[in-house]
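Q: Could you take a close look at the enclosed empty spaces inside this protein, and then at the strands that help to build it? I am new to this structure and would welcome one connected account.

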Amino acid sequence: MQVLKFGGTSVGSAENIRKVIEIVKEKLANDSAIVIVSALSGTTDALIQCGELASNGDEQYKDKLLEIEQRHLETAKKLLPVQQQSSVLSLVKKMCNEMEDICNGVFLLGELSARTRDRIVSFGELTSSQIISAAFLASGVKTVWKDSREIIRTNSAFGHAVVDFHTTNHLITEDIKTVKEPLIVAPGFIASDANGITTTLGRGGSDYTAAIFAAGVNASVLEIWTDVSGMMTADPRWVSNARVIPSISYQEGMELSHFGAKVIYPPTIQPVMSKGIPVWIKNTFAPSDHGTIIEKKSTGNGKAIRGISSINNIALLSLEGSGMVGVPGFSRRLFEALSASQINVILITQGSSEHSICVGIESAFAERAKEAVDNAFANEIAVEKVEPLEIEQGLSIVALVGENMKSHPGVSGKMFGALGRNGVNVRAIAQGSSERNISAVVATRDVRKAINVLHEEFFETSYKQVNLFVVGTGNVGSKLLSQLKQQLPYLADQLRLAVRVIGLANSRKMVINDEGVDLANWKELLEAGENAELNQFVDLIISKNLRNAVFVDITASDSVAGIYDRLLQKSISVVACNKVAASSNYSYYKKLKDLAREYNSQFLLETNVGAGLPVIGTLNDLMRSGDKINKIEAVLSGTLNFVFNNYDGSRSFAEVVKQAQDEGYTEPDPRLDLSGKDVMRKIMILARESGEKLEMEDISCNGFLPDSCMQGDVTAFYKEMARHEAHFRKIYEEAKSKNCKLKFVAKFENGKAGVGLQFIPPQHDLYHLYGKDNVVLFYTDRYPEQPLVVKGAGAGAEVTASGVFADIIRAAR
């Protein structure tokens with residue numbers, strides 16, 4: 001004998017029921033079968049709604065009942081030949097009339113008791129099972145219908161009745177042995193108490209019904225047919241890479257089903273486990289798929305973890321006080337108070353200090369729990385030996401499940417390390433001595449991220465998903481997006497990184513796509529996006545709460561730099577091409593550095609100095625390895641180096657500056673470069689990165705621009721430069737007469753920094769610097785005479801974008 005159970009979606013329509021019939025026919029070729037069916041999908045909810053509408057005096061329950069009746073009549077008509085429809089249609093009408101009579105009584109009384117509710121919802125399975133039984137007969141299968149209420153005996157706890165297995169097993173044995181037909185069809189979910197009154201086994205109870213029958217007849221197998229191809233490593237609605245678990249033990253199956261795996265009803269496994277009956281989870285819509293087999297000993301998958309699951313709507317109750325320490329009985333009294341109020345405890349944790357005990361329960365019972373516990377400890381609360389019960393809401397439990405955890409050290413460390421790196425705060429932890437389950441309580445807003453992080457850590461050894469939010473699509477931003485598009489295959493193949501641009505924004509528009517913005521046509525997608533609003537964009541990033549998130553700022557905006565702290569506090573790493581934050585007041589710079597450390601995120605700013613050159617990275621490496629920075633000497637403006645390398649008097653100084661701007665080497669306002677302010681920012685950033693507390697006003701600047709050049713707009717700036725051509729030529733000629741080159745040099749030494757135009761002689765390290773190159777000389781304890789030199793192109797959209805790209809990879813890894 002085999003037992004097959006088909007859920008609501010499997011019998012949700014006439015077309016689906018025909019699939020069920022074909023599956024069962026194939027199974028009957030091997031052995032006789034009992035088929036347990038649920039109500040047609042959505043029917044139980046609709047019946048509950050009818051009862052509630054009626055109890056609230058709302059006559060719309062009649063319309064709802066009519067919809068239910070019509071659906072069942074239509075299903076029967078589609079399944080059965082016309083000559084065989086009459087008796088079934090009459091049965092459906094009769095049952096629907098009975099439902100209406102009960103709801104009319106509820107309407108008149110204005111009351112819906114648990115007993116009456118059970119009676120109303122039972123009609124779903126009673127009706128569906130009899131229609132399906134008739135369909136089997138019509139298809140030529142000898143079938144008998146059995147009323148589960150006459151076979152499964154329970155207590156009178158309506159809504160969640162407890163099975164009397166001694167009586168039930170006897171009834172199953174006596175009833176089934178008289179059946180000659182190869183197929184029995186019976187309704188799931190429903191039973192009756194000793195008085196013959198209808199009870200139910202809880203939502204999802206059809207699985208349980210099937211397990212009860214399977215245990216009662218010592219079935220060779222129990223098959224649960226549903227709309228997914230087995231139990232998954234995580235909820236596929238949340239984790240796109242979730243995979244089917246081919247084999248799992250009874251204990252692992254119970255753990256996963258208890259912690260929210262919806263494929264199987266938690267109590268289902270218990271009846272079959274004691275008899276060693278295997279349970280197959282199969283897909284009605286893909287019957288050839290392997291599915292999941294649940295048995296005594298699972299086939300190993302080589303991993304410590306079998307699956308990840310979660311429970312939402314959890315409240316944490318914390319009882320604490322100095323009067324608890326060393327006093328026996330506090331835990332007992334707490335659990336007695338909760339038990340007396342019919343409150344189930346889901347999770348328990350207590351520190352060895354005995355100062356507090358924490359339990360997790362369903363949020364719906366939190367207020368009832370507080371009242372019960374505060375009453376139980378009223379005397380201790382009055383004398384301040386115990387604090388009133390504290391309740392924390394908005395929580396969820398995330399659980400790792402796997403029998404092999406006990407033989408794999410470090411699973412807990414790996415779990416909490418992964419959560420911590422992604423900013424998921426753990427409020428409580430529980431692990432049994434069997435080491436089959438590690439549970440962590442987290443904020444409900446973090447549960448999706450937590451499950452994805454853990455799934456990536458324990459199951460997705462091939463790829464790490466990186467989620468980018470990019471602000472700024474100008475020269476450098478466009479180049480970065482182009483480089484990303486080109487390198488995506490390389491990142492996946494060589495670094496095992498799956499990089500997606502989830503959000504993209506500029507000063508006008510923004511676009512968010514959870515699956516990733518298509519980099520082949522990002523311009524069109526952005527243009528079609530909504531109007532940009534920075535705070536809204538940041539709110540969206542935070543609300544997405546994605547793992548391995550990186551915010552990339554390729555603007556020069558003060559406003560964008562001002563939101564870094566909000567992101568870092570949410571463990572979202574920041575890659576800043578924008579120099580504003582790192583060169584703002586020291587307190588904000590330090591705050592960002594501290595936040596990055598505190599929230600396990602990255603604040604990376606390599607391109608703030610030297611475009612794509614590894615200047616800051618080299619400086620950080622020197623500092624981390626214990627070296628001390630004594631002096632920094634540098635040419636930090638690719639723009640100014642380009643200008644002074646190309647200005648020889650044959651063209652005006654203004655023309656050379658315009659060429660630099662046209663070729664993309666200057667800031668949008670070239671005065672930032674030529675005034676020396678940009679160089680001041682850069683040397684200040686280097687000084688700060690080397691450990692010095694420095695502000696802009698501490699840096700001296702020996703400028704070369706006449707004051708009038710700094711007045712007005714950019715157009716006026718060029719006119720003024722042209723007017724002062726003699727001034728620039730004089731500087732050039734003076735340098736030439738001394739056989740020197742003009743270089744705008746930044747210097748940091750002994751806690752002091754300064755920038756300015758200098759005449760550089762041929763023997764100087766800075767003399768042979770061409771084009772738009774930058775150079776930084778680090779004089780340290782280890783490099784006292786011959787400095788460590790970083791030299792190369794210090795301006796240009798391509799090299800700057802590559803520096804941002806490198807920071808993104810650092811943040812991702």
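A: In this predicted model, the second largest cavity is lined by K449, I541, I542, N545, L546, A549, K570 and I572. By class, that lining consists of five nonpolar residues, one polar residue and two charged residues, and the space inside the second largest cavity comes to about 30 Å³. The search that found this cavity covered the whole structure and returned two cavities of 30 Å³ or more.

The largest cavity holds about 40 Å³ of space, and its lining is made up of F644, Y647, F653, F704, F728, I731, Y732, L742 and L757. These lining residues divide into nine nonpolar, no polar and no charged, whereas the lining of the second largest cavity includes two charged residues. Helix α27, which spans residues 725-737, gives three residues to the lining of the largest cavity, and this is the largest share.

Turning from the cavities to the strands, one can begin with β16, residues 437-443, where seven of the seven residues are buried and the strand is thus described as mostly covered. Strand β14 (residues 390-401) pairs with β16 in the antiparallel sense over seven bridges, and within this part of the model L395 stands opposite A443 in β16. Strand β15 (residues 426-431) also pairs with β16 in the antiparallel sense, here over five bridges, and I429 has A440 of β16 as its bridge partner.

Elsewhere, eight strands form an open sheet with mixed pairing, in the order β3-β4-β2-β1-β7-β9-β10-β8. The edges of this sheet are taken by β3 (143-145) and β8 (247-249), and each has a single partner strand, so one side of each is left without a neighbour in the sheet. On average, and with direction ignored, neighbouring strands of this sheet are turned by 20° against each other. Helix α1 (residues 14-28) packs on the sheet, where it touches β1, β2 (33-37), β4 (183-187) and β7, and the direction of α1 makes about 170° with that of β1. Within the sheet, strand β1 (residues 2-6) pairs with strand β7 (residues 221-226) in the parallel sense over five bridges, and the bridge partner of K5 in β7 is I224.

Methods: Residues are numbered from 1 along each chain as its sequence is written. This is a predicted model: local features need pLDDT of at least 70, side-chain atom pairs count only at pLDDT 80 or more; totals for chains, interfaces and linings use all residues. Side-chain values use heavy atoms; hydrogens and water are left out. On a 1 Å grid over the protein atoms alone, a cavity is a set of points where a 1.4 Å probe fits but cannot get out, and a pocket is an open set with protein on both sides within 12 Å along at least five of seven lines; lining residues have an atom within 4 Å of a point. Grid points are joined across faces, edges and corners, and a volume is the space filled by probe spheres set on the points. Helices (H or I, at least four residues) and strands (E, at least two) are DSSP runs, numbered from the N terminus. Ala, Val, Leu, Ile, Met, Phe, Trp, Tyr, Cys and Pro count as nonpolar, Asp, Glu, Lys and Arg as charged, and the others, Gly among them, as polar. Two strands pair if DSSP finds at least two bridges between them. Axes are lines fitted to C-alpha atoms, for helices over the stretch in contact, and angles run from 0 to 180 degrees between N-to-C directions. Contact means heavy atoms within 4.5 Å. Buried means under 20% relative accessible area, exposed over 50%, partly exposed in between (1.4 Å probe, protein chains only).
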